[in-house]
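User: I would like to go through this model by question and answer, with the criteria behind each term spelled out as we proceed.

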Amino acid sequence: MSGLLGRIRRKATAPPAAPRTADDELFGGRRVLDRGFARHEQAGLQMSFLAMARRIPHLVARTAGLAWSVDRTALCTVAAAEAGQGLGAAFGLLATNRVLVRLFAAAPTAQRVEAALPSLAWVAAASALVAVLREISKAATGRLEPKVERAAAVQLLRPVIGAELAAIEDPEFRRLLDSAQYGTDAARRMVHLNVAVVNALISLASAAGVLAVLHPVLLPMLVLIALPKGCGAVRSARRRYRSIQAWLEHLRKRHQLAGLLIEQHTATEIRVHAVGPYLLRHFEAMSQEGEDEQARLARAEAATGLAAGAGSGIATAATFVVLGVLLTTGMIPLAVAGTAVIAIRTSTLQLGSFVGQVNQLYEESLFYTDLERAVVRAVERAIPRDGSDVGKPPDEIRLENVTFTYPDRSAPAVDDVSLTVRRGQIIALVGENGSGKTTLSKLLAGLYMPDKGRITWDGTDITDLDRSSLFAHVTLIAQDFMRWPFTARTNILVGRPDVGPDPGRIDRAAAYAEADAVIAELPKGLDTLLDRNYSEGVNLSGGQWQHFALARAKFREGSVIIADEPTAALDARSEIAAFARIRELAADGCTVILISHRMASCRHADTIYVLHHGRLAEQGTHAALLARPGSLYASYYNLQADQFAP
Ligand SMILES: Nc1ncnc2c1ncn2[C@@H]1O[C@H](COP(=O)(O)OP(=O)(O)OP(=O)(O)O)[C@@H](O)[C@H]1O
Ligand SMILES: [Mg+2]
């Protein structure tokens, strides 16, 4: 009995299960990489201070290279102005030394001041020159920055738009792309930081040079002051970068939540289903998690800063002791000691900002490195451009035992499928949700390459064809077609942007798809912006958008038309009309691949293919499939037909 009571009591006092976090509830798991993975991922980050110091010239060269490619004049202006400032500063220090020597000379005060005047004039001239050059450099840097940002963005975006669809859908590549997007901003900031670092380096070098001239022992002392701060800076930069990497997806999800709360298309459910307070609660919880991480970083950074500051402080104190010893033993005169104090003061001040800037430069460079890595990955997975030209529209497209599995799935989405489509024919793909129709259409369009089997266009394997010339023949009305946030005209023009906005062709396409009636009601006709997020933009209904998708397809005038649920949102009359026109395209010599759940619209197809779990279960004409006892097609067809039975 007491054992049972004990068990019950233990059960009652057992710690409650860990509360589900916002990550768990909304996204099915934590969106923060654990540190183990972060360590593994960032193996290349285990860098020493020296290795980092060695990277500075490389970083400077890389940014300079980028700047060189966009504006050589501005870059040369910055370089000359910075070098001039360094020389001016060194010259100023030497002139200061001469002023001090004259002032400390054994002569009457008036004479000493008079003797110091020319050198004083040189000091003033040097600082005026430095000030002018600083502003010139600032102006040229301001000109360079946006150009470098643009160059970096284009450097990333160009290969990305040319990469295989499978690469874009690869979660690892997506993560890299997220980080790389920070890289374009980083490139911009790197210009400014680079200038600051070079400026500080030159000033430091000139102060160091002057110190070495004054007495050689002062130079190593300066290095001793610099070292702890440098090490601390690298430590902090690495820590921050790792944190951002680990929290990247968490950050994205948090931004996404904030966006969802204010977007238009979420507004109805946010209100009616009270999703707003629910998401806001999770947003706050996720933000708090992020704040804890920020606090941890700030604490760690303060501790590192304290240790580095203490190290530099001790080295500075030691330097002044050395200076005192040199002075009292008569190894340097008072004027030299005075100049040395000024040089050390200036250089330690410079050092403070230098360390901060190197720190930032290093951190930004890590993101820029991700941009470069993303570019390399995108280039590696580029759609090949070296195949033979497709030329004329294909007479026959053939799939031979094609199998395709998505990288993150175990079962194939398309499994051992063989079929042939001839020019002027309509084939229909039917099947339940998830049976592989859209995937098969993307294989036919050359968007995915089969894992097994092959796809041929007039007998040539598509891997041997220049894919851009293949795409030029394909018109894809995708199931999730784009609602471009552009004007009505551009929404049609993007069917084939390279032909330009030919008014006749746009009007014909609009009329074909019955989008002309929609356009007639738009406040500015074809010039109306189809995005309510901007002033004067308008919202279209789902069906009106579908008219635009069809108009875009017609404008493209491709010879292989893949229509994936092209009429799902159309009203009954528009749907019948649309299918009639799609059939006319086949009569005009196009190849039509039609995917639809409306069995009635597939009945006119030359061949109907029924997909089931990725495999080709049945094929034949409407009449043959309907007549086949127990056929899947007949069951789908009759299910729909029965709904209209009295
Ligand atoms: N990008 C993707 N990555 C991973 N799996 C995918 C992807 N797209 C589709 N799938 C999976 O592949 C299978 C086939 O999907 P597909 O979109 O081809 O089906 P479908 O026949 O077009 O379905 P529906 O009738 O709903 O449009 C499904 O199990 C789906 O979950
Ligand atoms: Mg589909």
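User: How far apart do the end C-alpha atoms of residues 397-638 lie?

Analyst: This is a predicted model, in which local features need pLDDT of at least 70 and side-chain atom pairs count only at pLDDT 80 or more, while totals for chains, interfaces and linings use all residues. Residues are numbered from 1 along each chain as its sequence is written, chains are lettered from A and ligands numbered from 1 in the order in which they are written, and side-chain values use heavy atoms, with hydrogens and water left out. The UniProt annotation "domain: ABC transporter", from an unreviewed entry, covers residues 397-638; UniProt positions are given in the numbering used here, feature names are shortened, and annotations may be inferred rather than shown by experiment. That span is 34% helix and 24% strand (DSSP runs, H or I of at least four residues for helices and E of at least two for strands, numbered from the N terminus), and its end C-alpha atoms are separated by 31 Å.

User: What percentage of residues 120-363 is helix?

Analyst: According to the unreviewed UniProt entry, residues 120-363 carry the annotation "domain: ABC transmembrane type-1". The end C-alpha atoms of this span are 42 Å apart, its strand content is 0%, and its helix content is 92%.

User: Which protein residues are donors of the magnesium ion (ligand 2)?

Analyst: Donors are N, O and S atoms within 2.8 Å of the metal (3.2 Å for Na, K and Ca), and water is not among the atoms, so sites may look incomplete. The protein donor atoms, OG1 and OE1, lie 1.9 to 2.2 Å from the magnesium ion and belong respectively to Thr438 and Gln479.

User: How many residues apart in sequence are the parts that this pair ties together?

Analyst: Thr438 belongs to helix H13 (residues 437-444), whereas Gln479 sits in the loop between strand S6 (474-477) and helix H15 (488-493). Thr438 is partly exposed at 24% relative accessibility, and Gln479 is also partly exposed at 43%, where buried means under 20% relative accessible area, exposed over 50%, and partly exposed in between (1.4 Å probe, protein chains only). Because the two donors come from these two elements, the pair ties together parts whose separation in sequence is 41 residues.

User: How many residues surround ligand 1?

Analyst: A residue is near a molecule if one of its heavy atoms lies within 4 Å of it. The closest are Gly434, Lys437, Thr438, Thr439 and Gln479, and the number surrounding ligand 1 is 15.

User: What share of the accessible area of ligand 1 does the protein cover?

Analyst: A polar contact with the ligand is a pair of N or O atoms within 3.5 Å; a polar side-chain atom of Tyr406 lies 3.3 Å from a nitrogen atom of ligand 1, and a polar side-chain atom of Gln479 lies 2.8 Å from an oxygen atom of ligand 1. Accessible areas come from the Shrake-Rupley method with a 1.4 Å probe. Of the 630 Å² that ligand 1 has on its own, the protein covers 72%.

User: In which strand does Asn401 lie?

Analyst: Phi of Asn401 is near 45°, a positive value in a residue other than glycine. Asn401 is partly exposed at 43% relative accessibility, and its place is in strand S1 (residues 396-404).

User: How far apart in space are Ala318 and Asp389?

Analyst: Ala318 lies in helix H11 (residues 275-328) and is partly exposed, with a relative accessible area of 31%. Ala318 and Asp389 are 71 residues apart in sequence, and their C-alpha to C-alpha distance is 74 Å.

Note on methods:
Polar contact = N/O pair within 3.5 Å; in protein donor to acceptor, adjacent residues only side chain to side chain.
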